[in-house]
Amino acid sequence: MEILIIKIIGALIILFLLKILFISLFFYRDIKAAQKRDPAARSFLEIILLYQGLHALISHRVAHFLYRIHFFLLARLISQISRFITGIEIHPGAKIGKRFFIDHGMGVVIGETAIIGDDVLLYQGVTLGGTGLEKGKRHPTLGNNVVVGTGAKVLGNITIGDNSYIGANAVVIKDVPPNSTVVGVPGRITKQEGKKIDVSLDHIHILDPIMQNIEELEKRIDKLEKR
Ligand SMILES: CC(C)(COP(=O)(O)OP(=O)(O)OC[C@H]1O[C@@H](n2cnc3c(N)ncnc32)[C@H](O)[C@@H]1OP(=O)(O)O)[C@@H](O)C(=O)NCCC(=O)NCCS
């Protein structure tokens with residue numbers, strides 16, 4: 001009996017080590033990306049064992065493969081189990097590029113027709129969702145090297161250009177050109193190609209006239225206070 005227990009424990013340890021080896025080999029680039037993007041990440045092993053973002057990505061790679069070969073129910077089951085364990089819901093249909101990293105993770109939702117480029121970083125609470133009950137391509141496309149801040153919602157079949165930043169808690173419902181920073185609700189571009197945009201002159205991206213009025217008033221109050 002004792003020998004049997006020792007054998008079972010031994011087998012479990014070997015399985016565990018094999019699992020770590022398998023993850024390190026097949027997800028090396030994603031683990032490296034997590035290490036690069038999260039200053040709190042101390043070691044490879046810490047990321048493999050404890051990072052929900054990595055676990056959700058591994059499950060998604062399996063679920064997406066099953067989805068592509070039309071095993072839709074099984075794919076969805078894996079995605080839901082992963083959601084239960086990690087708090088991150090990625091629909092198996094979503095296409096995700098290389099070196100993808102979700103930091104902290106909890107509350108992230110990625111829709112079925114979302115497309116994510118390479119080197120993308122999402123923080124907790126991000127939604128890449130649809131705007132209603134439309135069918136077909138209804139979720140966003142994120143370019144390469146995009147960062148989406150915590151709590152941000154990117155909604156509809158829109159494109160976020162390469163190297164863009166979506167600020168924390170922004171709600172983005174229109175295309176964003178490459179190399180831009182978007183903040184606020186609804187999202188407005190505050191920086192493009194490294195240069196600050198004067199919101200009062202940016203007639204294309206202004207979506208909220210009330211916000212514009214508040215900004216004008218703030219400027220006037222600033223001027224008066226400086227007198
Ligand atoms: C938007 C962001 C990327 C900063 O970009 P930046 O180009 O460096 O922006 P700045 O700090 O120069 O700020 C530009 C303007 O946007 C405002 N701003 C910055 N972030 C904002 C946000 N999330 N929501 C609303 N306004 C914001 C600033 O107050 C500033 O306004 P001003 O021009 O009137 O002074 C950053 O603020 C952000 O939100 N990052 C997300 C990080 C995150 O989610 N971390 C979670 C870790 S757990």
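This is a short tutorial dialogue about a predicted model of a protein chain with a ligand.

Student: Where should I start, and how many helices and strands does the chain have?

Tutor: Start with the overall layout. The secondary structure here comes to six helices and 16 strands. The C-alpha trace spans about 85 × 45 × 25 Å along its principal axes. Of the contacts with a separation of 6 or more, 30% are between residues 24 or more positions apart.

Student: What share of the residues counts as buried, and what does the chain expose?

Tutor: Buried means under 20% relative accessible area. Of the 227 residues in this chain, 40% count as buried. The chain exposes about 13,600 Å², and carbon and sulfur atoms supply 64% of that area.

Student: Which residues touch the most other members of the largest nonpolar core?

Tutor: A nonpolar core is a set of buried residues joined through side-chain atoms. The largest one in this model has 29 residues, and Phe-100, Ile-110, Leu-122, Val-148, Ile-160 and Val-172 touch the most other members. Apart from that core lies another, of 14 residues, with Ile-20, Phe-27, Ala-34 and Leu-54 among them.

Student: Which residues does Val-148 touch, leaving out those up to four places away in sequence?

Tutor: With those set aside, Val-148 touches Leu-121, Leu-122, Tyr-123, Val-126, Leu-142, Val-154 and Ile-166. One of these partners, Tyr-123, also belongs to the surroundings of the ligand.

Student: Which residues surround the ligand?

Tutor: Read the shell as a list first, then by character. The ligand is surrounded by His-104, Tyr-123, Gln-124, Gly-149, Thr-150, Tyr-165, Gly-167, Ala-168, Thr-181, Val-183, Lys-191 and Lys-196. By character, the shell divides into four nonpolar, six polar and two charged residues.

Student: Which atoms of Thr-150, Ala-168 and Lys-191 lie by oxygen atoms of the ligand?

Tutor: Check whether each partner atom is in the backbone or in a side chain. For Thr-150, a polar backbone atom is 2.7 Å from a ligand oxygen. Ala-168 also uses the backbone, with an N or O atom 2.8 Å from an oxygen of the ligand. Lys-191 uses its side chain, where an N or O atom is 2.9 Å from a ligand oxygen. As for cover, the ligand on its own has 910 Å² of accessible area, and the protein covers 48% of that.

Student: Now the backbone. Which residues have a positive phi although they are not glycine?

Tutor: Most residues other than glycine have a negative phi, and most peptide bonds are trans. Asp-119 has a positive phi of about 60°, and this residue lies in the loop between strand 5 (115-116) and strand 6 (121-122). Asn-179 has a positive phi of about 55°, and its place is the loop between strand 13 (171-172) and strand 14.

Student: Why do Asp-119 and Asn-179 count as partly exposed?

Tutor: Asp-119 counts as partly exposed because its relative accessibility is 23%. Asn-179 counts as partly exposed because its value is 26%.

Student: Where is the cis peptide bond?

Tutor: That bond joins Val-185 and Pro-186, with omega at about -15°. Pro-186 lies in the loop between strand 14 (180-183) and strand 15 (188-192).

Student: One last residue: is Ser-79 buried or exposed?

Tutor: Ser-79 counts as buried because its relative accessibility is 4%. This serine is in helix 5 (residues 72-86). Leaving aside neighbours within four places in sequence, Ser-79 is in contact with Ala-63, Ile-90, His-91 and Pro-92.

Notes: Residues numbered from 1 in each chain as written. Predicted model: local features only at pLDDT ≥ 70, side-chain atom pairs only at ≥ 80, totals over all residues. Heavy atoms only, no water. Near = heavy atom within 4 Å. Polar contact = N/O pair within 3.5 Å; in protein donor to acceptor, adjacent residues only side chain to side chain. Areas by Shrake-Rupley, 256 points an atom, 1.4 Å probe, with all protein chains shown as cover. Nonpolar A, V, L, I, M, F, W, Y, C, P; charged D, E, K, R; others polar. Core = buried A, V, L, I, M, F, W, Y, C linked by side-chain atoms within 4.5 Å. Buried < 20%, exposed > 50% of the residue type's maximum accessible area, 1.4 Å probe, protein only. Contact = heavy atoms within 4.5 Å. Helix = DSSP H or I, 4+ residues; strand = E, 2+ residues; numbered from the N terminus.
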